[in-house]
Amino acid sequence: PPNSLLFALRLFFVGVVAGLILEDGKGNRSMMVHPSKRTAGHRENFEWIQKVQKNWLDALESSDRPEILEDFKEAYDDILDTVPQLPPFDELANKLPQAIRQTFIKEVNARRGVTPLVNWKNNYAHILVGGQAMDRGFTVEGLTVTYMPRYAGVGNADTIQQRARFFGYKKSYFGYCRVFLEN
């Protein structure tokens with residue numbers, strides 16, 4: 001996976017841990033990965049994220065823990081700039097495996113004939129990977145990180161406005177919000 005996706009994931013997981021500690025996991029924290037219109041790109045990103053989730057959990061339970069925590073500390077410091085009330089890094093680091101393990105990853109597209117629904121009540125943290133199915137009219141609860149390494153398309157104003165939902169009603173957790181876009 002690209003380094004930008006790995007950093008986006010670390011930011012997301014730090015925000016999930018903070019939400020579990022500071023807000024008792026009330027509501028949702030979500031990440032939207034919108035790599036392309038084509039489902040092959042969705043599948044590739046979905047598989048990358050699943051592998052990263054497993055690899056990070058394994059590393060956090062091994063002698064690689066200090067190295068992986070150093071990478072997460074960089075994401076923590078980034079969020080600390082916009083969320084000054086973050087708990088100390090050591091406290092977050094202790095709950096990081098729980099946050100990563102409990103995050104639900106779902107491919108959201110019609111590749112299998114029907115776009116799957118997301119049950120927001122089953123999990124606090126969600127990573128949704130998809131394309132057109134997550135465009136207009138699709139609500140992502142608690143969206144904090146948007147990773148969208150694709151072009152704006154043909155520039156239709158309504159499409160661009162719909163994609164700009166990451167600027168929406170997020171006052172209570174706005175400091176955790178990050179957006180990754182093509183230049």
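Is K73 buried or partly exposed? Keep that in mind while we wander through this predicted model, and we'll get to K73 along the way.

**Stop one: a link across the chain.** Select E107 and R43. Their side chains meet in a salt bridge, with N and O 2.5 Å apart. Now colour the model by position along the chain: E107 sits in strand β2 (residues 104-108), while R43 belongs to helix α2 (residues 39-60), so this pair joins distant parts of the chain, 64 residues apart. Switch on a surface if you like. E107 counts as buried because its relative accessibility is 10%, and buried means under 20%. R43, with a relative accessible area of 25%, is partly exposed.

**Stop two: add a third residue.** Keep R43 and E107 on screen and select E47 as well. These residues are linked in a network of salt bridges.

**Stop three: along helix α2.** Next, pick K54 and D58. Their closest N and O atoms are 2.7 Å apart, and they form a salt bridge. Both are in helix α2, 4 residues apart, which means about one helical turn lies between them. D58 has a relative accessible area of 38%, so D58 is partly exposed.

**Stop four: helix α3.** Move on to residues 65-80, which make up helix α3. Select K73 and D77, whose side chains meet in a salt bridge at 2.6 Å, N to O. Here too the partners are 4 residues apart, separated by about one helical turn. And the opening puzzle? K73 is partly exposed, at 31% relative accessible area. D77 is partly exposed as well, at 34%.

**Last look.** Zoom out to the whole structure: a search of it finds 8 salt bridges.

Methods. Residues are numbered from 1 along each chain as its sequence is written. This is a predicted model: local features need pLDDT of at least 70, side-chain atom pairs count only at pLDDT 80 or more; totals for chains, interfaces and linings use all residues. Side-chain values use heavy atoms; hydrogens and water are left out. A salt bridge is a side-chain nitrogen of Lys or Arg within 4 Å of a carboxyl oxygen of Asp or Glu. Helices (H or I, at least four residues) and strands (E, at least two) are DSSP runs, numbered from the N terminus. Buried means under 20% relative accessible area, exposed over 50%, partly exposed in between (1.4 Å probe, protein chains only).
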